[in-house]
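Visitor: Could you take me in for a close look at one spot on the inside, and then show me how the surroundings fit together? I'm new to this, so please go slowly.

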Amino acid sequence: FAVWIPDTFLTATTARTIAIESAITMVLALGALITLSSGMLDLSLAQNFGLAAVICVSLITGGMAPVLAVVLTILISGAIGAINAALVVFAKIESLIATLGMSSVLLAFTAIVSNNQYVGPAPESFGTFVSWQPLGIPVLAIYAIAAAIVMWWALEHTPVGRRVYATGANPDTARLSGIPIFRYMAGALIGAGLIAGLAGCLEAAKVGTISPELGPPFLLPTYAAVFLSATQIKPGRFNVWGLVVSLYLLGTGVKGLVLAGGQL
């Protein structure tokens, strides 16, 4: 792209656009990374994210303080993750089936909360904490990288992270080794729900006006990035920095094709 369309591709504006457009997906993909690393698939993640954005804006436009609205939204998303955990760990339903069903339920709840209409706009003051650019770097990208660093440290340098990977690699062996695998599976699903809530709040602050159909389009790029992470940095293993590389490669490719298409 640098050779093909240097005038439009090799610009600071393009770099900032790629960073901003990839930031929310990166945060959401960290939630998917936890569940896949523990041997499960959470297909409700994207709709949980969409519902969180709708709830967050609805609470703020209803008069609730933004900080309280964000905290409450994240807790609601975490509770959804806990319901997923109950279905998978206690009811023994396959994660694919349980979370697919939960996604349909959340889609209905999103329609009820939003009345099938755009929600918002949120006050401009709510968007200030995601719109500023220290040293020309979008702060959303900084938040996403900071979240990736925390997740990398937790998965690669703590006993909890190693046990999560062990649970996903071979649950029977992990259980016989004394690892309480069901506890880590439940924790992964709850953690994914909390991360979906955080991503939803960031998207709400970024956009201000939320569509009730926000969530589903994020599902494919989120999981594409996570599965591609197993081909980068640490081949054969879902990993955070492989996710970052894959996501920005995808974002760069998509943006480059859009810019090139505009000049054909």
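**A pair of cysteines and what surrounds them**

Guide: Let's start with C56, which counts as buried because its relative accessibility is 0%, and buried means under 20%. Keep in mind that this is a predicted model, so every value here is computed from predicted atoms. Now, which cysteine has the sulfur nearest to that of C56? The answer is C201, with its sulfur 3.9 Å away. C201 is buried as well, at a relative accessible area of 2%.

You might expect these two to be bonded. A disulfide is a covalent bond between the sulfur atoms of two cysteines. To count as one here, the two sulfurs have to be within 2.5 Å of each other. At 3.9 Å, the sulfur of C201 is too far from that of C56 for a bond. So C56 is in no disulfide, and the count for the structure comes to zero.

Next, look at the helix that holds C201. That's α10, covering residues 181-207. α10 has 27 residues and reaches 39 Å from its first C-alpha to its last, close to the 39 Å expected at 1.5 Å a residue. How much of α10 is covered? Mostly, it is: 19 of the 27 residues are buried. Right after α10 comes G208, and its phi is positive, near 90°.

Go back to the other end of α10 and you'll find F182. Here K92 lies over the face of the F182 ring, at 3.9 Å from the ring centre. There's another such arrangement to look for: R237 lies over the face of Y165, at 3.8 Å from the ring centre.

From charges over rings, let's move to charges that pair up. Side chains of opposite charge can pair when their charged atoms come close. How many salt bridges does the structure hold? There are two. In one of them, the side chains of E156 and K234 meet at 2.9 Å, N to O. This pair links distant parts of the chain, 78 residues apart: E156 sits in helix α7 (residues 139-156), while K234 is in the loop between α11 (219-229) and α12 (240-262). E156 counts as buried, at 16% relative accessibility, whereas K234 counts as partly exposed, at 33%.

The other bridge joins R175 and D172, whose closest N and O atoms are 3.8 Å apart. These two are three residues apart in helix α9 (residues 171-176), so about one helical turn separates them. Why does that spacing suit a pair? An α-helix has 3.6 residues a turn, so residues three or four places apart point the same way. Both partners count as partly exposed, R175 at 42% relative accessibility and D172 at 47%.

One more stop before we finish: S103 in helix α5 (residues 95-114). S103 counts as buried too, at 17% relative accessibility. What does S103 touch, leaving out residues up to four places away in sequence? It touches L43, S44 and Q47.

And that's the tour. If you take one thing home, let it be where we began: C56 and C201 have their sulfurs 3.9 Å apart, too far for a bond.

Definitions and conventions
Residues numbered from 1 in each chain as written. Predicted model: local features only at pLDDT ≥ 70, side-chain atom pairs only at ≥ 80, totals over all residues. Heavy atoms only, no water. Helix = DSSP H or I, 4+ residues; strand = E, 2+ residues; numbered from the N terminus. Expected span 1.5 Å × (residues − 1). Buried < 20%, exposed > 50% of the residue type's maximum accessible area, 1.4 Å probe, protein only. Lys NZ or Arg CZ within 6 Å of the ring centre and 35° of its normal. Salt bridge = Lys/Arg side-chain N within 4 Å of Asp/Glu carboxyl O. Contact = heavy atoms within 4.5 Å.
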